[in-house]
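Colleague: Could you take me through the aromatic side chains of this model, slowly and in one piece? I would like to know what surrounds them as well.

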Amino acid sequence: QEQLVESGGGSVQAGGSLRLSCLASEYTALSNCMAWFRQAPGKEREGVALIFTGRGVTYYADSVKGRFTISQDNAENTVYLHMNSLKPEDTAMYYCAAHSRSWCPLFRSIEYNYWGQGTQVTVSS
């Protein structure tokens, strides 16, 4: 069964913008934080942005701070990643993640047990 559904990826030129969406299921909606990860070819999966779903407190990797914004739609159980001023180094498969723990794993990917299928973001020079 689908637990997280991602959408919004695509190909853009450097400097462009994209908005990724992550729809949570009833099984993931109670996750106290949700995060976006990305993985480029030949590189480790890295945390990009995180939101504490209760209060909306956010957390970002230094590489995207000031360019990316994570947000949530409480009514639709959807988490968004607004990406501005995209760079070629942002090219990666982007994944949405949730967990069932009582504490937030932050960017420790192994601690997340719910993942989306991934959506590809490609930024050309």
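Modeller: The model is a predicted one, and it holds six aromatic pairs. A good place to begin is the pair made by Phe37 and Phe107, whose ring centres are 6.1 Å apart and whose planes stand at 70°, so that the pair counts as edge-to-face. Phe37 belongs to strand E4, while Phe107 lies in the loop between E9 and strand E10 (114–115), and the pair therefore ties together parts that are 70 residues apart in sequence. The two partners can also be described by their accessibility: Phe37 counts as buried because its relative accessibility is 0%, whereas Phe107, at 24%, counts as partly exposed.

Another edge-to-face pair is formed by Tyr112 and Trp115, with 6.2 Å from centre to centre and 65° between the planes. Tyr112 has a relative accessibility of 4% and so counts as buried, while Trp115, at 24%, counts as partly exposed, because buried residues have to be under 20%. These four residues belong to one aromatic cluster, which is formed by Phe37, Tyr59, Tyr95, Phe107, Tyr112 and Trp115.

A charged residue also takes part in this picture. The charged end of Arg45 sits over the ring of Tyr95, at 4.0 Å from the ring centre, and it also sits over the ring of Trp115, at 4.8 Å from that centre. Arg45 thus faces two rings, those of Tyr95 and Trp115, and both residues are members of the aromatic cluster.

Just beside Phe107 in sequence comes Leu106, which lies in the loop between E9 and E10. Its phi is near 55°, a positive value in a residue other than glycine. With a relative accessible area of 35%, Leu106 is partly exposed.

Ala61 offers a further view of Phe107 and its surroundings. This alanine is found in the loop between strand E6 (58–60) and E7, and with a relative accessible area of 14% it is buried. If residues up to four places away in sequence are not counted, Ala61 touches Gly47, Val48 and Phe107. Ala61 and Phe37, for their part, are 24 residues apart in sequence and 10 Å apart in space, C-alpha to C-alpha.

From the aromatic cluster one can turn to the nonpolar cores. The largest of them has 28 residues, and the members that touch the most others are Trp36, Leu81, Met83 and Tyr94. At least two residues of this core come from each of strand E3 (18–24), strand E4 (33–39), strand E5 (46–52), strand E7 (68–73), strand E8 (78–83), strand E9 (92–98) and strand E11 (119–124). There is also a second, separate core of seven residues, and among its members are Ala35, Leu50, Ala97 and Tyr112. Tyr112 is thus found both in this second core and in the aromatic cluster. In general terms, nonpolar side chains of soluble globular proteins tend to be buried together.

Met83 deserves a closer look. Leaving aside its neighbours within four places in sequence, Met83 is in contact with Gly16, Ser17, Leu18, Leu20, Arg67, Phe68, Tyr94 and Val121. One of these contacts, Tyr94, is named with Met83 among the core members that touch the most others.

Leu81, another of those core members, leads on to the sheet. In E8, Leu81 is the bridge partner of Ile70, and E7 and E8 pair in the antiparallel sense over six bridges. The two strands form a hairpin with four residues between them. Asn77 has its place in the loop between E7 and E8, where its phi is near 50°, a positive value in a residue other than glycine. Asn77 is partly exposed, with a relative accessible area of 38%.

E7 and E8 are part of an open sheet of four strands, which has the order E1-E3-E8-E7 and antiparallel pairing. Its edge strands are strand E1 (4–7) and E7, each of which pairs on one side only. Neighbouring strands of this sheet are turned by 15° against each other on average, direction ignored. At the other end of the order, E1 and E3 run antiparallel and are joined by four bridges, and Val5 has Leu23 in E3 as its bridge partner.

Notes
Residues are numbered from 1 along each chain as its sequence is written. This is a predicted model: local features need pLDDT of at least 70, side-chain atom pairs count only at pLDDT 80 or more; totals for chains, interfaces and linings use all residues. Side-chain values use heavy atoms; hydrogens and water are left out. A nonpolar core is a set of buried Ala, Val, Leu, Ile, Met, Phe, Trp, Tyr and Cys residues joined through side-chain atoms within 4.5 Å. Buried means under 20% relative accessible area, exposed over 50%, partly exposed in between (1.4 Å probe, protein chains only). Contact means heavy atoms within 4.5 Å. Two strands pair if DSSP finds at least two bridges between them. Axes are lines fitted to C-alpha atoms, for helices over the stretch in contact, and angles run from 0 to 180 degrees between N-to-C directions. Rings of Phe, Tyr and Trp (its six-membered ring) pair if their centres lie within 6.5 Å; planes under 30 degrees apart count as stacked, over 60 as edge-to-face and the rest as tilted. A charge sits over a ring if NZ of Lys or CZ of Arg is within 6 Å of the ring centre and within 35 degrees of the ring normal.
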